Amino acid sequence: MAKTATSADGSAPQGGTAPGERAEPRQRSVRVVMVGLMIAMLLAMLDNMIVGTAMPTIVGELGGLDHLSWVVTAYTLATAASTPVWGKLGDMYGRKGIFLTSIVLFLAGSALSGASQSMDQLISFRAVQGLGAGGLIVGVMAVIGELIPPRERGKYQGLIAGVMAIAMIGGPLVGGSITDNLGWRWSFYINLPIGVVALVVVTAVLHLPKKRGQGRIDYLGAALLTIAITSLVLLTTWGGTQYDWTSVQIIGLLVLGLAALGAFLYSQTRAAEPVMPLRIFRNGNFSLISVIGFLVGFTMFGAMTFLPLYQQTVQGASATNSGLLLLPMLLAMMAVSMIAGRVTTATGRYKIFPILGGGLMTVGLFLLSTMDVHTSRFTSGAFMAVLGAGMGFVIQITMLVSQNSVEMKDIGVGSSSATLFRTIGGSFGVSLFGALFSHKVQDGMSGSASGSAATAAGAQLDPATIAKFPAAIKDAYFHAVASGTHVVFLWGAVVSVLGFVAAWFLTETPLRGAPTAPAADEAQPPILADAL
């Protein structure tokens with residue numbers, strides 16, 4: 001069957017078939033492409049979840065317990081630092097080739113990580129894997145941004161939210177099963193067959209216009225931004241854990257990060273092809289949604305970090321079951337995201353959703369702050385569902401507004417900026433909430449010498465250690481953890497209010513791709529080929 005070329009808005013080239021005749025084939029083609037894109041996104045989201053469960057086994061074979069945190073930190077740093085660069089490269093040289101390159105790099109890092117013979121090798125190869133992961137997430141979002149007009153994108157929001165839910169729930173289950181039955185190396189090797197499927201599907205079905213970069217890559221801007229991001233991520237990772245917040249190391253990272261950020265902003269005014277063109281921030285909606293994305297990341301990742309801790313410690317859930325206990329939040333997020341997307345597609349209206357999302361997230365976090373040692377799993381599940389509903393309203397809409405607020409030539413930069421702000425917000429949220437939590441738990445255990453000694457090495461203890469405590473110390477620790485999560489969620493609600501307020505100032509500009517009657521003689525460049 002001959003291929004039918006269609007554009008992002010569904011119009012056909014000159015002399016093409018009528019809209020009704022081509023709509024269904026194009027929708028089928030989009031669905032096939034989305035399968036490949038969602039597999040690629042699942043790879044990036046699932047990786048840390050799977051690897052986390054294999055960590056004890058990895059340390060048992062490779063050693064290097066004192067460097068264990070770097071297995072995650074190297075991946076996170078490389079992902080965050082490379083995200084803006086991947087977005088810009090896609091804008092300059094074409095999205096498909098850059099996206100496929102990021103998949104290959106991620107798979108190469110996965111294969112090398114699985115073959116590691118020492119902890120140092122594993123950390124190095126995890127950085128390679130993280131570089132690829134940075135391109136996976138922004139690549140998926142940018143390809144969707146170029147392939148599907150914002151007005152039509154709501155149809156697929158539920159699919160994206162579903163991938164997030166599968167990663168969060170399935171990661172620990174799959175990771176534990178793989179480690180127990182196949183060995184920890186398969187926690188990395190499992191990416192290879194899945195990634196090959198994504199490569200084949202995207203290569204065969206996705207057809208985007210090729211581009212030729214007209215300017216030089218902004219190496220100076222990329223280097224300065226990498227230094228700034230690395231400094232800020234290390235600051236939030238090490239602050240209050242590896243080093244005291246007032247230590248020379250943390251203050252030095254803060255100074256270095258701010259200096260690099262200032263130099264980066266100046267360089268962007270001079271570069272011919274800046275990594276992050278400052279002109280995109282002149283759009284009020286883009287600037288506002290970037291702030292909202294930062295605040296959503298701040299509160300969302302904080303909640304996702306401390307909810308399992310509360311469930312495992314106070315409610316006695318296993319690590320596997322704590323993932324399943326997040327189902328109320330994740331299912332609510334998926335369902336609401338799907339509904340919001342459909343309404344946006346049907347009406348073109350979207351401003352109400354960040355407002356509703358900010359409000360529900362604030363209420364949900366406040367309700368979670370009321371949990372104590374007596375809160376039932378049903379009650380905490382209901383509270384999580386409220387939070388999940390708020391997340392469903394706002395997560396995908398932030399990316400939608402970001403992409404709709406920039407020109408098509410900057411869609412990669414817009415996508416990578418939205419992803420970066422959410423990532424940095426999450427890093428700050430987890431770090432600052434962690435400091436609040438630790439301080440509160442230490443205070444709660446300071447009533448007795450034995451209690452203080454129990455938490456001297458840290459506020460987060462594993463269930464096996466807690467089980468060895470005397471009944472009185474165990475009860476005190478449960479109360480201290482409940483008190484710590486109360487503070488975390490209460491401050492999370494305060495931060496969420498800021499996002500709720502910011503959402504009111506968004507301007508509801510028309511979404512690109514609103515239904516119009518295309519001119520009969522208007523030819524469009526082919527975007528997607530029907531491979532069915």
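**Figure 1. Polar contacts of Ser110 in the predicted model.** The side chains of Ser110 and Asn191 are joined by a polar contact of 3.1 Å. This view, like those that follow, comes from a predicted model. Ser110 also makes a polar contact, side chain to side chain, with Gln129, at 2.9 Å. Ser110 belongs to helix H3, which covers residues 95-114. Ser110 has a relative accessible area of 0% and is therefore buried. Leaving out residues up to four places away in sequence, Ser110 touches Gln129, Phe188, Asn191 and Leu192. Leu192 is 82 residues from Ser110 in sequence, yet their C-alpha atoms are 7.4 Å apart in space.

**Figure 2. Thr344 and its surroundings.** Thr344 sits in helix H13, made of residues 327-347. Its side chain reaches back to the backbone oxygen of Ala340, at 2.8 Å. Is Thr344 buried or exposed? With a relative accessible area of 1%, Thr344 is buried, because buried means under 20%. Not counting neighbours within four places in sequence, Thr344 is in contact with Arg151, Arg349, Tyr350, Phe353, Ile397, Leu400 and Leu511.

**Figure 3. The salt bridge between Arg349 and Glu508.** Arg349, one of the residues in contact with Thr344, forms a salt bridge with Glu508. The closest N and O atoms of Arg349 and Glu508 are 2.6 Å apart. This pair links distant parts of the chain, 159 residues apart. Arg349 lies in the loop between H13 and helix H14 (352-369), and Glu508 lies in the loop between H19 and strand E2 (528-529). Arg349 counts as exposed, at 51% relative accessibility, whereas Glu508 counts as partly exposed, at 26%.

**Figure 4. The salt bridge between Glu273 and Lys88.** The closest N and O atoms of Glu273 and Lys88 are 2.9 Å apart, and the two residues form a salt bridge. Glu273 is in the loop between H10 and helix H11 (284-313), and Lys88 is in helix H2 (residues 69-93), so this pair ties together parts that are 185 residues apart in sequence. The two partners can be compared by their accessibility. Glu273 is partly exposed, with a relative accessible area of 24%; Lys88 counts as buried, at 7% relative accessibility. Side chains of opposite charge can pair when their charged atoms come close.

**Figure 5. The salt bridge between Asp91 and Arg95.** How far apart are the closest N and O atoms of Asp91 and Arg95? They are 3.0 Å apart, and the two residues form a salt bridge. Asp91 and Arg95 are both buried. The structure holds six salt bridges.

**Figure 6. Gly492 in helix H19.** Gly492 is placed in helix H19, which runs over residues 471-503. At 1% relative accessibility, Gly492 counts as buried. Gly492 touches Thr299, Leu365 and Phe433, not counting residues up to four places away in sequence. Met361 is 131 residues from Gly492 along the chain, and the C-alpha atoms of the two are separated by 9.1 Å.

**Figure 7. A nonpolar patch on the surface.** Which residues make the nonpolar surface patch of about 320 Å²? The patch is made by Leu254, Leu258, Leu261 and Leu265. Leu258 is found in helix H10, residues 248-268. An α-helix has 3.6 residues a turn, so residues three or four places apart point the same way. For the protein, the exposed area is about 21,900 Å², and carbon and sulfur atoms supply 68% of that area.

**Figure 8. Helix H9 and the residue Gly240.** Helix H9 has 20 residues, numbered 219-238. From its first C-alpha to its last, H9 reaches 28 Å, close to the 28 Å expected at 1.5 Å a residue. Gly240, just after H9, takes a positive phi of about 80°.

**Figure 9. The protein as a whole, for placing the close-ups.** The secondary structure comes to 19 helices and two strands. The protein has 532 residues, of which 53% count as buried. Among contacts between residues at least 6 apart in sequence, 82% join residues at least 24 apart.

Key:
Residues are numbered from 1 along each chain as its sequence is written. This is a predicted model: local features need pLDDT of at least 70, side-chain atom pairs count only at pLDDT 80 or more; totals for chains, interfaces and linings use all residues. Side-chain values use heavy atoms; hydrogens and water are left out. Helices (H or I, at least four residues) and strands (E, at least two) are DSSP runs, numbered from the N terminus. Buried means under 20% relative accessible area, exposed over 50%, partly exposed in between (1.4 Å probe, protein chains only). A polar contact is a pair of N or O atoms within 3.5 Å; within protein, one must be able to donate a hydrogen and the other to accept it, and residues adjacent in sequence count only if both atoms are side-chain atoms. Contact means heavy atoms within 4.5 Å. Accessible areas come from the Shrake-Rupley method with a 1.4 Å probe; for residues, only the protein chains shown count as cover. Patches are made of residues with over 30% relative accessible area and no salt bridge: like charges are joined within 9 Å, nonpolar side chains (Val, Leu, Ile, Met, Phe, Trp, Tyr) within 5 Å. A salt bridge is a side-chain nitrogen of Lys or Arg within 4 Å of a carboxyl oxygen of Asp or Glu. The expected span of a helix is 1.5 Å times one less than its number of residues.
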